[in-house]
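Good morning, and thank you for making time for this presentation. I should like to take you through one structure, and I ask you to keep the sequence and the model in view as I speak.

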Amino acid sequence: MIKLIKYEFLGRYKYYLGFLAALILLNIYLITKNNTWSHGLPFVVSFMAGFACFVAVLISGVMLYQRDMYGNTGYLLFTLPQRGFDIAFSKLIISIIEFTLFITVSGVMAFINLLYVNEAKVFIDAVLQHKIFILYIFISTLLSFIALLILSYFSITISKIAIYSKKYGKVLSIVLFLIIFYVIGKINGLLINLFPYNLNINLFSGIAQRSDNFALSFAVFPINVASFVFQTLVYIGLFTLTSYLIDKKIDL
């Protein structure tokens, strides 16, 4: 599996350098506009660039898996003495590293832009005093990112087994993704209603700050226990099933 990760990195390092350079240059440009653009607008654009970065990394992760399912590289990859788990997990690890690299850089640059927004100084002070808030947001976003990738892997694998055609297989994978995502969401909603038991995480005990133009207060972050257990089991199950299907059912 380490060799698979190394191979992918060697083939994608130019993409990493280009993406990082574009991201940093864009934010440097935005920083220079803080004195000329409308108040706070450079931060808003920087934040939106960060969200676009999240979407781009997610699409990149899906295409990385899809490429080997429908492209010529799959003929080489699936003839290697590698288990389905190693193939799927190596791609997941690469996507997680890309997410960590790009989102961290994007977040740091957006934070620098935020320093120029006077009304945000209360928020910045509170966050700097409670850095675990940043970690909480990062981990929550990362878990959502991983869940979406696992669901994409499963949908692509099922569609590849069901339909050999590349064109119709991709369409089917999108339809499957949306259906399974909807079903998981509905079951998750039912479980939350049936078992309304939360694990409350208070990251900002007793913090409530106010300035002339900006008010800030933090509540408890609830995590529904039934929802957390259900989603953890579902995505572990989908990843395990995907690994099994790669080993036993994929026919390139």
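Let me begin with a term. By contact I mean heavy atoms within 4.5 Å. Buried, in turn, means under 20% relative accessible area. Please bear in mind throughout that this is a predicted model.

With those terms in hand, consider helix H7. The cover over the buried residues of H7 includes H2, H6 and H8. The buried residues of H7 are Gly169, Ser173, Leu176, Phe177, Ile180, Ile184, Asn188 and Leu191. H7 itself has 29 residues and reaches 42 Å from its first C-alpha to its last, close to the 42 Å expected at 1.5 Å a residue.

Now the chain as a whole. The chain contains 8 helices and 4 strands. Their order along the sequence is α-α-α-α-α-α-α-β-β-β-β-α. Of the 252 residues in the chain, 39% are buried. As for contacts between residues at least 6 apart in sequence, 80% of them join residues at least 24 apart.

I turn next to helix H1. H1 has 31 residues, and from its first C-alpha to its last it reaches 42 Å, close to the 45 Å expected at 1.5 Å a residue. Where does H1 bend, and by about how many degrees? The bend is at Arg12, and its angle is about 55 degrees. Arg12 is also one of the buried residues of H1, which include Leu4, Ile5, Glu8 and Tyr16 towards the start of the list and Asn27, Leu30 and Ile31 at its end. Helix H2 (41-70), helix H3 (73-77) and H4 are among the elements that cover the buried residues of H1.

Ile5 gives us one residue of H1 to examine. Its relative accessible area is 12%, so Ile5 is buried. Setting aside residues up to four places away in sequence, Ile5 touches Ser90, Ile93 and Ile94. Ile5 and Leu92 lie 87 residues apart in sequence, while their C-alpha atoms are 9.7 Å apart in space.

The aromatic residues deserve some attention. A pair of aromatic rings is described by the distance of the centres and the angle of the planes. How many aromatic pairs does a search of the whole structure find? The search finds 15. In one of them, the ring centres of Phe19 and Phe102 are 4.7 Å apart and the planes stand at 40 degrees, so this pair is tilted. The pair links distant parts of the chain, since Phe19 belongs to helix H1 (residues 2-32) and Phe102 to helix H4 (residues 84-114), 83 residues apart. Is each ring's residue buried or partly exposed? Phe19 counts as partly exposed because its relative accessibility is 22%, whereas Phe102, at 0%, counts as buried. Phe19 and Phe102 form one aromatic cluster with Tyr15 and Tyr16.

A further aromatic pair brings us back to H7. Phe177 and Phe181 are stacked, with 6.0 Å from centre to centre and 5 degrees between the planes. These two residues are 4 apart in helix H7 (residues 166-194), and so about one helical turn separates them. Phe177 is buried, with a relative accessible area of 18%; Phe181, at 43%, is partly exposed.

Let us look now at two of the helices that cover H7. Two packed helices are described by the angle between their axes and the distance between the axes. For helix H6 (residues 132-162) and helix H8 (residues 225-248), the angle is about 35 degrees and the axes are 9 Å apart. The crossing of H6 and H8 is left-handed. On the H6 side, the residues that meet H8 include Ala147, Ile150, Leu151 and Phe154, and on the H8 side those that meet H6 include Tyr235, Leu238, Phe239 and Leu245.

Finally, I should like to point to two serines. Ser152 lies in helix H6, and at 9% relative accessibility it counts as buried. Beyond residues up to four places away in sequence, Ser152 touches Val62 and Phe177. Ser227 lies in helix H8 and likewise counts as buried, with 9% relative accessibility. With the same neighbours in sequence left out, Ser227 touches Asn188 and Ile192.

Thank you for your attention.

Note on methods. Residues are numbered from 1 along each chain as its sequence is written. This is a predicted model: local features need pLDDT of at least 70, side-chain atom pairs count only at pLDDT 80 or more; totals for chains, interfaces and linings use all residues. Side-chain values use heavy atoms; hydrogens and water are left out. Rings of Phe, Tyr and Trp (its six-membered ring) pair if their centres lie within 6.5 Å; planes under 30 degrees apart count as stacked, over 60 as edge-to-face and the rest as tilted. Buried means under 20% relative accessible area, exposed over 50%, partly exposed in between (1.4 Å probe, protein chains only). The expected span of a helix is 1.5 Å times one less than its number of residues. The bend at a residue is the angle between axes fitted to the seven residues ending there and the seven starting there. Axes are lines fitted to C-alpha atoms, for helices over the stretch in contact, and angles run from 0 to 180 degrees between N-to-C directions. A crossing is left-handed if the near helix is turned anticlockwise from the far one by less than a right angle, and right-handed if clockwise.
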